[in-house]
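Hi there,

Here is the structure I promised to pass on to you. Have a look at it first, and then read on for what I found.

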Amino acid sequence: MTDRPRLKTDTLAAGMAMLAALTVAQRLIGFVRSMLFCRWLDAGQLGQWDLAYGFLMLAAPLAVLGVPGSLGRYVEHYRRRGQIKPFLSRMSAATLAAAGIALAMIAVERDWLSTLLFSRDDQTAFVLLLAVVLAAWIVHTLLVGIFNALRMTRAVAVLQFCHSLGFAIIGLALLASFERSATGVVWSFAAASAVSSAIGLAWLAGCWHSLPDDRAPELEASDAQLTLHALWTRIAPFALWVWITNALGNLFGLADRWMIMHFSGLSEADALAQLGQYHSARIMPLLFLGVAEMLAGQVTPHLAHDWEAGRRDEVSRRLNLILKLFALCLFAVGTALLIAAPLLFHWALAGKYAAGMALLPWTLMYCIWGSLAVVATNYLWWAERARLASLALALGLLLNLALGAWLLPRYGLSGAVWGTAAANLFMLAAIYGAACKSGMRCDPGVCLAALAPLVFLGGAWFALGMLAILCVLSCRGGLLLSRAVSVGNETGYGVTFWKRVRSDGK
């Protein structure tokens, strides 16, 4: 038998290190890009781009029926049975077929979508442009899902970085050279997606022959059979709930903006201007959600490996630590952003978005809660209880709509943001509760770290004081982080955790 090169996967520690390094660079690029978009576009065009981006983030997971979201959960299951190549091939074919149907539906229903998205029936050409962008974006997200499932973190990081860098370079060049409008931004997003997809396809083709096809020795020969019926019987229920969860999550993120567009009582131009103000308050906090999605994608296949091996308590302990450390990092960054807000809004954004600056503490707060929910939902996926995540999102969405309907007519844009913040906190609590019901052991530090962003409402100095308290609690151990983590006890959980992290994927 000819020896083939083995697929090189990344450990969780190495993956997180690379993810952190390129994420910092990517987010800095995205931050500068978003600031210049806000500076160069008027509030109405910025609002139109915000709605277009929201539609793309909603339509992509809807179009692919949750299939790419299932890869990280099940690739280890089929790898152990020597079936990884047919598994990935069939999942990819299903994804592209579903995407083709969805794109055709967008083209047919472009008049209806124009009215739904922009409260106008003359934006059909723009909707068709969004369909083109969506096709490129789906290929990009499918490739990211495959590389995440294979634990090839460097490939994921490079693809995300190339997309962010390409979007910045092409977008700023188009806006500087041609008309400064949402259309130019959308075209640049499409071009960046096409470039990153081409890089990803070349990378995947190069490593395809290295994918393992040997079966784990403890498995029966009958386990090596992979029929379409057996595949979809196992995958379809989980993929359905992933699809529902993604749809609800993205609807949750769009609910307040669609309500502003359709139920605020403002004209179409004024509503878009309000969305532009809101977008300026979300530029920095939305970076948190992007990092959370990348972290969740990175964590899923590694802890799924532990889950499949029967180490359920280890999965719970590791996820607890990840949630607490992630919450502390987001809180620290949020505090720094509050301190820097006057400089950013008055200088970088030329003082055009005063309403956005007033809303920043609220958007920081609810984006941290949403980010923690994204990561915590992984436990429900490993436990194959995705329906509980969908229920939490559905209840949060209903609460968001109800609060928005009550607060928006009374308090305008601020009321919509208050309702979204309350709904995010409720959703996070519901997901934590569902995870605990499914077997996860949540310690008090997880809840303390999640509630800390409430002090953002008191201003930057209150947040700085809370950050100091959290740092003390972390160093002393016990309440926030276990003492083993803080002092490095050789027999404690902290060292055990990092030994396990470093050994993953080897």
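Of the 506 residues in this protein, 54% count as buried. Please keep in mind that the model is predicted. Its accessible surface comes to about 20,600 Å², and carbon and sulfur atoms account for 67% of that.

If you trace the chain, you will meet 19 helices and 0 strands. Among the contacts with a separation of 6 or more, 82% are between residues that sit 24 or more positions apart.

Helix 4 is a good one to look at. This helix covers residues 84-108, which makes 25 residues. From the first C-alpha to the last it reaches 37 Å, close to the 36 Å expected at 1.5 Å a residue. Several residues of helix 4 are buried, including Ile84, Phe87, Leu88 and Met91. Ser92 and Thr95 are buried there as well, and so are Ala98, Ala99, Ala102 and Ile106.

Next, try zooming in on Ser197, which you will find in helix 8 (residues 182-207). Is Ser197 buried or exposed? Its relative accessibility is 6%, so Ser197 counts as buried; the cut-off for buried is under 20%.

And what does Ser197 touch, leaving out residues up to four places away in sequence? The answer is Ala136, Val139, His140 and Leu143. With Ala136 there is a further detail: a polar atom of the Ser197 side chain lies 3.4 Å from the backbone oxygen of Ala136.

Enjoy exploring!

Best wishes

Key
Residues numbered from 1 in each chain as written. Predicted model: local features only at pLDDT ≥ 70, side-chain atom pairs only at ≥ 80, totals over all residues. Heavy atoms only, no water. Helix = DSSP H or I, 4+ residues; strand = E, 2+ residues; numbered from the N terminus. Buried < 20%, exposed > 50% of the residue type's maximum accessible area, 1.4 Å probe, protein only. Contact = heavy atoms within 4.5 Å. Areas by Shrake-Rupley, 256 points an atom, 1.4 Å probe, with all protein chains shown as cover. Expected span 1.5 Å × (residues − 1). Polar contact = N/O pair within 3.5 Å; in protein donor to acceptor, adjacent residues only side chain to side chain.
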